[in-house]
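Please look over the sequence and the model shown here. The report after it takes up a core, a buried residue and a loop residue.

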Amino acid sequence: MNKDIINSFSLVGNIAKVNEIKEMSNGNKFRYFTIAQNNKYKTKSGEQKDEALFFDIKIYENKFKEFESILNVGQYVHILGKINIFKDEENKINYSLIGTNGRSLNREKYISDEIFDYDWLNEGDDREMDNVI
């Protein structure tokens with residue numbers, strides 16, 4: 001398995017918020033934006049629920065130009081990135097989502113076959129994937 005994809009994510013949703021650019025003490029710049037997704041599920045009693053889930057995604061200055069065209073509130077997007085896992089001062093495990101690639105999606109084509117085609121995960125991997133769970 002490709003080690004580069006172990007801590008990765010792929011999200012599809014609408015941009016709900018775009019924060020201002022901030023600067024760290026070392027001079028590096030970053031910004032956060034929020035992706036909203038609808039989460040539909042049934043309760044144990046069979047009641048249909050619909051709730052919004054929000055994911056904060058961080059991008060660094062070297063990715064600003066790549067994300068510039070899609071960072072508009074309401075834009076329907078597909079975001080790829082890595083999950084950064086770290087411990088805080090209290091030794092609790094935290095994570096942050098770091099955006100590395102993004103693209104705008106056509107709203108009318110609600111579920112794109114291309115989004116769910118995970119063959120790109122196996123690029124360069126010649127092993128047979130039939131028996132992988």
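What follows describes a predicted model, beginning with its nonpolar core.

**The core**

The largest nonpolar core has 14 residues, and F33, I35, I57, F67 and I79 are the ones that touch the most other members. Two or more residues of this core come from each of strand 1 (8–18), strand 3 (29–42), strand 4 (48–60), helix 1 (64–67) and strand 5. Strand 1 gives the largest share, three residues.

One of these core residues, I57, can be followed through its contacts. If neighbours within four places in sequence are left aside, I57 is in contact with F9, L11, R31, Y32, F33, I35, I79, L97, I98 and G99. Among them, F33, I35 and I79 are also named with I57 as touching the most other core members.

**Two residues compared by accessibility**

The table sets out H78 and N91.

| Residue | Location | Relative accessibility | Class |
|---|---|---|---|
| H78 | strand 5 | 6% | buried |
| N91 | loop between strand 5 (76–87) and strand 6 (93–104) | 52% | exposed |

H78 counts as buried because its relative accessibility, 6%, is under 20%. What does the side chain of H78 make a polar contact with? Its partner is the side chain of S10, at 2.7 Å.

N91 counts as exposed because its relative accessibility, 52%, is over 50%. The backbone of N91 also has a point to note: phi is near 65°, a positive value in a residue that is not glycine. N91 sits in the loop that lies between strand 5 and strand 6.

Terms used
Residues numbered from 1 in each chain as written. Predicted model: local features only at pLDDT ≥ 70, side-chain atom pairs only at ≥ 80, totals over all residues. Heavy atoms only, no water. Helix = DSSP H or I, 4+ residues; strand = E, 2+ residues; numbered from the N terminus. Buried < 20%, exposed > 50% of the residue type's maximum accessible area, 1.4 Å probe, protein only. Core = buried A, V, L, I, M, F, W, Y, C linked by side-chain atoms within 4.5 Å. Contact = heavy atoms within 4.5 Å. Polar contact = N/O pair within 3.5 Å; in protein donor to acceptor, adjacent residues only side chain to side chain.
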